[in-house]
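Subject: Structure for your review

Dear colleague,

Please find below the structure that I am handing over to you. A summary of what was found in it follows.

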Amino acid sequence: MQHTYDCIIVGGGTMGAAAAYHLAARGQKVLVLEQFDFIHALGSHGGQSRLIRKAYFEHPDYVPLLLRAYENWADLEHKTGQQVYFQSGILYFGAQGDTLLNGTKLSAQLYNLPLEVRNTVESKRQYPMFSGVPDDWECLFEPEAGFLLAEKCMRLHLQGAIQLGATLKAREKVVEWQESSTGNIQVTTDKATYTCAKLVLTAGAWSAQVLGGIAAPLKVTRQILGWAQPADYQSYMNGRMPCWAISDAEAGLYYGMPILQHEDTAGPLGFKLGCHKHGAVVDADHVDRSISAADEWTFRRCLEQYMPAANGETLSIKTCLYTNTPDENFIIDLHPASKNVVFACGFSGHGFKFASVVGEVLADLALDGATSLPIGFLRFNH
Ligand SMILES: Cc1cc2nc3c(=O)[nH]c(=O)nc-3n(C[C@H](O)[C@H](O)[C@H](O)COP(=O)(O)OP(=O)(O)OC[C@H]3O[C@@H](n4cnc5c(N)ncnc54)[C@H](O)[C@@H]3O)c2cc1C
């Protein structure tokens with residue numbers, strides 16, 4: 001069995017899969033170590049789909065990275081002949097002067113992104129499922145937005161990496177790594193020891209365990225996703241309605257996407273929605289996956305208040321983990337103790353859409369020690 005690699009990636013989830021793809025494409029001999037099976041429901045990538053949008057209310061500094069992420073997703077689709085991005089557009093609703101809508105407008109303005117100010121009453125007429133949204137709220141529509149098929153994105157990155165020569169090992173947990181005086185890095189798992197020149201740490205909710213002495217300010221929270229059965233099921237199908245986001249004073253942000261055709265995904269059936277507000281702080285190794293009435297209320301409250309016609313039977317409820325930084329900006333950097341180690345963590349519940357560009361950035365940092373992509377605001381201790 002081979003034990004020496006150019007690059008070892010700790011964590012074969014969203015970001016690790018993308019990094020493996022980019023590093024293997026640059027001719028590196030790559031090993032990806034994943035503690036569970038590849039593509040699983042215990043971390044941050046489960047649940048079928050993820051929103052992707054450009055007019056980023058979180059901060060305009062993300063927009064250049066998003067533009068590159070869109071290019072890289074398109075490139076992945078082109079190379080594989082598979083569709084992962086669905087441009088359904090996204091409708092935003094919020095009270096007059098809402099900060100989320102203002103942030104969306106600011107990013108659109110600064111980067112000249114298409115964003116339509118819509119009449120709320122007209123929008124509700126077009127999409128009657130939003131009947132509970134107050135008529136005097138603002139409504140925006142971003143046409144160049146939609147959703148990604150999450151598990152399929154990861155499958156294509158991982159399959160691509162394998163086809164480019166990468167080795168993937170599942171059910172193998174990294175317990176320790178150490179750099180020798182010659183600069184080689186020894187990685188110890190619960191099964192074996194490997195050596196590499198460059199180490200990439202993409203351990204998601206388990207990052208604190210593998211960061212090698214860095215005290216990154218990460219808080220893992222337990223989040224809920226729900227799938228409901230609306231009364232007029234057909235009107236909620238992809239192609240009939242856009243993705244949506246409702247800014248709510250108490251819940252922060254409710255969001256959701258249209259129902260997917262069964263041929264797009266084998267995931268849960270129904271109308272998916274979630275609430276972006278942080279759930280309970282948890283230890284990633286001891287997450288209660290049972291579902292309570294309070295869990296169900298996190299998304300049912302949105303249906304009751306804003307989308308009463310969609311407030312039908314529950315078809316599925318799943319848990320998922322956010323790994324949050326204090327300001328909800330990601331952390332992507334070289335390790336302070338070693339230029340041969342790079343890490344990416346703290347994706348704070350909004351990182352998936354960036355995976356295609358984060359993979360590129362991690363490959364740049366690992367191989368060149370620098371990247372031309374604008375990640376200054378995401379450096380450690382930003
Ligand atoms: C409910 C929910 C909804 C979301 N919605 C959106 C959205 O609409 N749009 C969006 O852009 N983002 C969204 N996100 C965020 C996005 O999914 C995450 O930011 C992203 O998946 C994080 O990727 P990651 O690689 O850090 O974590 P993961 O994908 O969880 O990968 C980390 C991997 O590392 C492995 N690992 C950890 N420690 C070890 C070890 N010691 N040895 C071996 N393997 C290890 C884990 O098992 C895991 O597979 C959402 C997240 C959640 C939970």
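**Pockets, annotation and ligand surroundings**

By class, 8 nonpolar, 6 polar and 3 charged residues make up the lining of the second largest pocket. Please bear in mind that this is a predicted model.

The second largest pocket has a volume of about 220 Å³. Its lining comprises 17 residues, and those nearest the centre of this pocket are Ala 41, Gly 46, Gly 47, Lys 318 and Thr 319. Strand β17, which covers residues 314–324, gives the most to this lining, with 4 residues. Two domains take part in the second largest pocket: at least three lining residues come from domain 1 (4–46 + 151–217 + 328–378), and at least three from domain 2 (88–146 + 219–324).

The largest pocket encloses about 270 Å³ of space. Which residues lie nearest the centre of the largest pocket? They are Cys 275, Lys 277, His 278, Gly 279 and Thr 298, out of 15 residues that line this pocket. The elements that give two or more residues to this lining are β13 (219–228) and α7 (293–306). Of the elements, α7 gives the most, with 4 residues. By class, the lining of the largest pocket has 6 nonpolar, 4 polar and 5 charged residues.

Turning to annotation, the UniProt record, an unreviewed entry, places the feature "domain: FAD dependent oxidoreductase" at residues 6–365. Over residues 6–365, helix accounts for 26% of the chain and strand for 29%. The C-alpha atoms at the two ends of this stretch are 14 Å apart.

The model also holds a ligand, with 33 residues around it. Those that come nearest to the ligand are Thr 14, Glu 34, His 40, His 45 and Cys 320. Three contacts with oxygen atoms of the ligand may be of interest when you inspect the model:

- Met 15: a backbone N or O atom of this residue lies 3.0 Å from an oxygen atom of the ligand.
- Gln 35: an N or O atom in the side chain of this residue is 3.0 Å from an oxygen atom of the ligand.
- Phe 352: a backbone N or O atom of this residue lies 3.0 Å from an oxygen atom of the ligand.

Met 15 and Phe 352 thus approach the ligand through backbone atoms, whereas Gln 35 does so through its side chain.

With kind regards

Technical notes: Residues numbered from 1 in each chain as written. Predicted model: local features only at pLDDT ≥ 70, side-chain atom pairs only at ≥ 80, totals over all residues. Heavy atoms only, no water. 1 Å grid on protein atoms, 1.4 Å probe; cavity = no way out; pocket = protein on both sides within 12 Å on 5 of 7 lines; lining within 4 Å. Points joined across faces, edges and corners; volume = space filled by probe spheres on them. Nonpolar A, V, L, I, M, F, W, Y, C, P; charged D, E, K, R; others polar. Domains from an automatic or database assignment. UniProt positions renumbered as here; feature names shortened; annotations may be inferred. Near = heavy atom within 4 Å. Polar contact = N/O pair within 3.5 Å; in protein donor to acceptor, adjacent residues only side chain to side chain.
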